[in-house]
Amino acid sequence: MCVSRISHILAKAWNVVSLCRYAHVPVWVSSRWKHTNSQQYTAVIFDMGGVLIPSLATLTAEWELKNNLQPGWIWKTILSGESHVAWDRCMLGELTFEEFVLVISKEKQTSNIIKPYLEAMTRQMDYQIPAMREAIQCIRAEGLKTAVLTNNFWFKHQSFLPVEKVDFDVVIESCREGIRKPNPEIYKRCLERLKVQPTESIYLDDFGQNLKPAAQLGMITIKVGDITTAIQKLESLLRFPLHGYVHGTQTVHKHMDIPTDRLKEYLQTTLGLSSAEPLTLRQFSHGQSNPTYHIRSGDRQLVLRKKPPGKLLQSAHAVEREYRVMKALRSMGVPVPKVLAICEDPSILGTSFYLMEYCQGRIFKDPTLPGLSAHQRTEIYSAMNHVLCRIHQVDVHAAGLEDYGKHGNYIERQVHTWTKQYRASETHNIPTMEQIIKWLPENLPTHEKTTIVHGDFRLDNLVFHPDKPEVLAILDWELSTLGDPISDVALSCLAHYLPPDFPILKGLNNCDLTELGIPSDLEYLTMYCDKMGINPVKNWNFYMAFSFFRVTAILQGVYKRSLQGQASSTKAETAGKLVESTAELSWMFAIREGFRKFKSIPTRNPNPPVRKYSTWNRQRSSATNFLSTLSLNNHSKHLISVPKGHLIISSEGLSPRVQELYHQLTMFMDKHIYPLERELTDHQRDENRWTPNPKMEKLKTEAKAKGLWNLFLPLKTDPEIKYGAGLTNLEYAHLCEVMGRSLHAPEAFNCSAPDTGNMEILLKYGTEAQKEQWLLPLLEGKIRSCFAMTEPQVASSDATNIEASIVEEGDSYILNGHKWWTSGAMDPRCKLCVFMGKTNPQAHRHRQQSMILVSMDTPGIKVVRPLSVYGMEDPPGGHGELLFENVRVSKENILLGPGQGFEIAQGRLGPGRIHHCMRLIGYADRALQLMKERVKTRVAFGRPLAEQGTIMADIANSRIEIEQARLLVLKAAQLMDTVSDKEAASEISMIKLVAPNMALHVIDRAIQAFGAAGLSGDYPLAQFFGWARALRLADGPDEVHRAVIAKLELKR
C-alpha cells in the first residue's frame, strides 16, 4: 500500500496526516506588527494531533521502519474487522483506550506488535509542540479566545489531552461529546461554548476532510502540514506576530507605537548592540501610566519605559525621577532593576525614556497566589513586607536623595497634589469625592516620619525569584518621593478591600485569608511595625482613606486620558466606571476614622463592615456595598431581570450574569467535585467519618473564592442583596439542578440543608442581634446548624401534633422534648439548633407552636444516637436523635414571637422544596447519563445493551419524566417569584409529590441497567435512590401533599 493511502487511513483513525516539522519561527526584521482594535477574528480553534502535538502518521512510519514492518501495515490491521468498529467506539467514548487495546489483544497473531505500538504512541505524543504553544500564548495575550476541537479517547481514567488546559477557553473532545469530526454538530458546539460566530473564528486541522464542514459553517480554515508555514498563515490572518512571546506582554498598541529605526540606532550607539541582530518589540499589558516595552535583540533583553504621548498633567510621568531613584537605591542594596541609560531627547522616540535590564522572575497579579501552598503564600507576603522595610530604612543622605522631595508634611502636600490632579482630570461631579477632599485636610496626622516612599507599592510591582520567596526587583517608581512610610504600607493593603474581579487590581475581599495563609491587613501592619521597631499605627483608617482617595484620583486621570486616546492600558476606559466606587470606599474609612476619634468603635479594628458572604449587591447608597457596586458597574447590563411571567426553561434563557454563574458552577463541578466524589464518599465510611473532611473544606474555600457561595437566598427574601447572590427562585433552580448531580456538591457551595432553610428563616424572621450571632457565621460557613421538629412519639407530618414544650420562666424559656431526624446535629461544627415546640397548648391549633434558637452547647441537650437511611449515616452532619431536658434559653432567642412557629415552618418550606426538587432532577439526570454510558459499553446476548428494546424504552421514559418534572418545578419557582407562596401552594405541593417519585423511577431503571454494580458504592446510584426515597417523607409525606392539592383544586 502506498504511503499516501496509509496517511489517508491514519487520518480517518485520528485525523492526522504528516509529521509536523517545527523549528523556531524566525524573528521578523523588516516588517513590524501593530496592535489593532478592529480585528475581524475573536477566536482560534485548534485540532490536537498534528497541530498541537506531533503527528501520529510519521511516528507510525518510524515505528514500522524500526520494527521491519511494511509501510501502512499497523493501521491497516487496526482498521479491519472488529478492531475498526472498536476504534470508532473508542473515539465516541463508548470504549476506553484500554478496552480498545483488549479488543486488539484478542487477535493473537498481531497483538504482540499492535499492543506495544499503541502504548509507545501514547508516550511519544505526550507533549505539546513548543512553537504552537508560543503562538497560542501570543493569541491569548491579544485577548482572543482559544479552543481545542479534537477526536479523542479515554485513557487512564481521563481523556488523552497532553496540552496545557490553561491555554484554552473551551475544550471539545469526541469522547466526551459522543460525536466526532467531521460531524458539523461538534463544530457548532465548539462555537456555541466559545460564544462566537463562525465568521469570527479560525480553525486549524491537518486533515482536509475535517476542514470542509468548518468552512461550510463559515469558519476560516488553515490546513496544517508544516507547523512553521501554518503559523505564518495564521499570522497573516490575525495581523500580529505569533512568536517572541514574553509573559505579560502583547503587540504594541497602534497609538503607543514608537519609531524602531531610531530606537535601534540609539541602542547601537548607547549600549553597543549589534546592528546585525534583529529587534523585536512588545508592550507590557500590565500598568496604567507610563508605557513600558520589552526589547529583544539577540540574547539581550531590555525594558524601555517612557512618558506617554500628548499633553500631560504637570509633574506627572517623570521618568527622569524614576531613573534617578532606581540608580541610587540599587547602590544601597535595594533590589531594583539595573538602569542602563536615560534619554531626554524627544527627537528619538517623541518623549523621554530610560532603559533597564529585563529581570526574569515571577510577578503575581493575583494576590491570592493560586498554585502556592498556604506556607508559601505566607513567605511571599513576608518577603514583600521585608523589602518594603528595606526601602524605608534607606539613609536618604547616603543615597544622595536628600533633595528627592520635601521633608515633612508629606500627607498634606499629597492631598493638595492629588486634589489638583483630580480637578485637572475631572469629567463629572462626584459628591463622595467632594466630601473626602474636604475631610482629609481636617484630619491630617500630627506626626510623620520621612523616608523614601515608593508611592505605588503593591504585590504586582514586585519580581520574585522563580523558586524562592525572595524579591529580585521592585518596579514602577513613578510616584516615588520622600514622605510618610505608612502611606506605602496602606497602599500595599488595598487588595484586602477589593474584590477578586476588580478590573485594575485583583483583590482579596471575600477570601478566607487564614485558609490561604495570607496575613490580614492588620497582621501585615503589625509585621511591618515589628520589623521597623515602631509603635502600632492608631490612625490606620486615615491612611486607608487617603490611599483610596489617591486611587480615585489616579483612576480619574487614567479615564480622562482614555477619552483622549493617551492611556497605555486596554483597561483604562474601565477606570471611569470605578471612580465613584473607590471614592465611596475612601469615605467609608474616613467615617471609621471619625468614629475611632470619638471612641465609638475599637481603635484596633479597622476592618470595614463589608459582608464577606455577599456575592452580589444592587445597593449603591453606602460604602458598605462597595464590592457590589463594582460588579454592577462592570456588569450592569447583565443584571436586567427577566420579565414577570416569563418562564425560563433552560440555562440559555438566563440573563448573561446568571449564565456566567451557571457556567462557572458547571466548570467547578467538572474540575473539582466529580473527580473527588470517590474520596468524599470513602471518608463517609471511614472511622473518622464524624470529623469534617479537610478536602470538603478546601472545596468550600475554592468555591467561595470564585463567588459560588450562598447562591440560594432568593431575591424576594433579600431584596437589597445584602447576604446572597441576588438570584430569583427560578434562576437558582437551574443552578440547584447542577449541584444535585453530586450528593457532595451543595455543601461545597454553602447551599445544603438544613443550613439553607435555617439561614432563610433567620433572615426573614430574626432580629438584628440574632442575625449577627447566627446568620453571619452560617453565611460565612464558619458554623453549621440543625432543625429539631420531628418527634418519634407522634405523627410529625402534622405540625400541630408536636409535643415538645417551651415554658416561660422569668427571663428564660425551659425546653423539654424528644426529637429525631434532626439533620446536621451530629456535626462537631453544629452550633445552632432551631427548636420547635409548644408555648401555649390551649391556643388555636396553629398558634400553639413557637420556634426558638438554641445554642448546641446549652446544658440539657443530649445526642442519643445517629440515625441511618438505608444504612447510610450521612456523616459528619448525620441525622440525630436528641433529648432536650430542662434546657434553659433566653427569651431573646424566640423567633418572631410566641405562637408564630407554624407560620415560620410554612415559610421555611417554600424555597427549600424547590431546592430539594431541583436537586432530585439533578440526581435523575446524572443517573440517566450514567445509564447511557453503561449500556453503550456492555454487551448481552450478542448485542450492546443500548440496542435492547427494553433498555431503549427505559431511556426514553426516563428522559420524558425528567423533562416533565423539571418544567413543573420551574413553573413553581417562577410562581414563587411572581406571586405569593400561598398562591403557589398547589404547585409547591405538586413538585414535592412528583420530583421524588420521578427520581426513584429513573434511578431504579439506571440501577437495573447497571446490574449488581448499581447497588454498590462504586457509583452514586444507590445513594441517589436512598435519598430520593427519604425525600418522599422529608418536608411532608406524599399523602399530605396530595391532600393539599385536592383541597385547593376543589376550591377552584
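**Close-ups of a predicted model**

**View A. Pro754 sits in the loop that runs between helix H28 (745-748) and helix H29 (755-765).** This is a predicted model, so everything shown here and in the other views is read from predicted coordinates. Look at the bond leading into the proline: Ala753 and Pro754 are joined by a cis peptide bond, with omega at about 0°. For context, most peptide bonds are trans.

**View B. A second cis bond, this one between two prolines, runs from Pro875 to Pro876.** Here omega is near 5°. The setting is a loop again, but with strands on either side: Pro876 lies between strand S23 (861-867) and strand S24 (879-890).

**View C. Helices H16 and H21 pack with their axes 9 Å apart.** H16 covers residues 410-425, H21 covers residues 540-563, and the angle between the two is about 30°. Angles under 35 degrees count as roughly parallel, so H16 gets that label relative to H21. The crossing of H16 past H21 is left-handed. On the H16 side, the contact residues are Tyr410, Ile411, Gln414, Val415, Trp418, Thr419, Tyr422, Ala424 and Ser425. Facing them from H21 are Phe542, Tyr543, Phe546, Phe549, Arg550, Ala553, Ile554, Gln556, Gly557 and Lys560. Sorted by class, the contact has 12 nonpolar, 5 polar and 2 charged residues.

**View D. Leu369 has a positive phi, near 50°, without being a glycine.** Find Leu369 in the loop between strand S13 (353-357) and helix H15 (374-392). Its relative accessible area is 0%, so Leu369 is buried. As background, most residues other than glycine have a negative phi.

**View E. Trp821 is another non-glycine residue with a positive phi, near 55°.** Instead of a loop, the tryptophan's address is strand S20, residues 812-823. Trp821 is partly exposed, because its relative accessible area is 32%, and the partly exposed range starts at 20% and ends at 50%.

**View F. Cys917 is in no disulfide.** In fact, the structure holds 0 disulfides. For Cys917, the nearest cysteine sulfur belongs to Cys736 and is 9.4 Å away, whereas a disulfide would need the two sulfur atoms within 2.5 Å. Is Cys917 buried or exposed? Buried, with a relative accessibility of 0%. Cys493 counts as buried too, also at 0% relative accessibility.

Notes: Residues are numbered from 1 along each chain as its sequence is written. This is a predicted model: local features need pLDDT of at least 70, side-chain atom pairs count only at pLDDT 80 or more; totals for chains, interfaces and linings use all residues. Side-chain values use heavy atoms; hydrogens and water are left out. Axes are lines fitted to C-alpha atoms, for helices over the stretch in contact, and angles run from 0 to 180 degrees between N-to-C directions. Helices (H or I, at least four residues) and strands (E, at least two) are DSSP runs, numbered from the N terminus. Angles under 35 degrees count as roughly parallel, over 145 as roughly antiparallel, 65 to 115 as roughly perpendicular and the rest as oblique. A crossing is left-handed if the near helix is turned anticlockwise from the far one by less than a right angle, and right-handed if clockwise. Contact means heavy atoms within 4.5 Å. Ala, Val, Leu, Ile, Met, Phe, Trp, Tyr, Cys and Pro count as nonpolar, Asp, Glu, Lys and Arg as charged, and the others, Gly among them, as polar. Buried means under 20% relative accessible area, exposed over 50%, partly exposed in between (1.4 Å probe, protein chains only).
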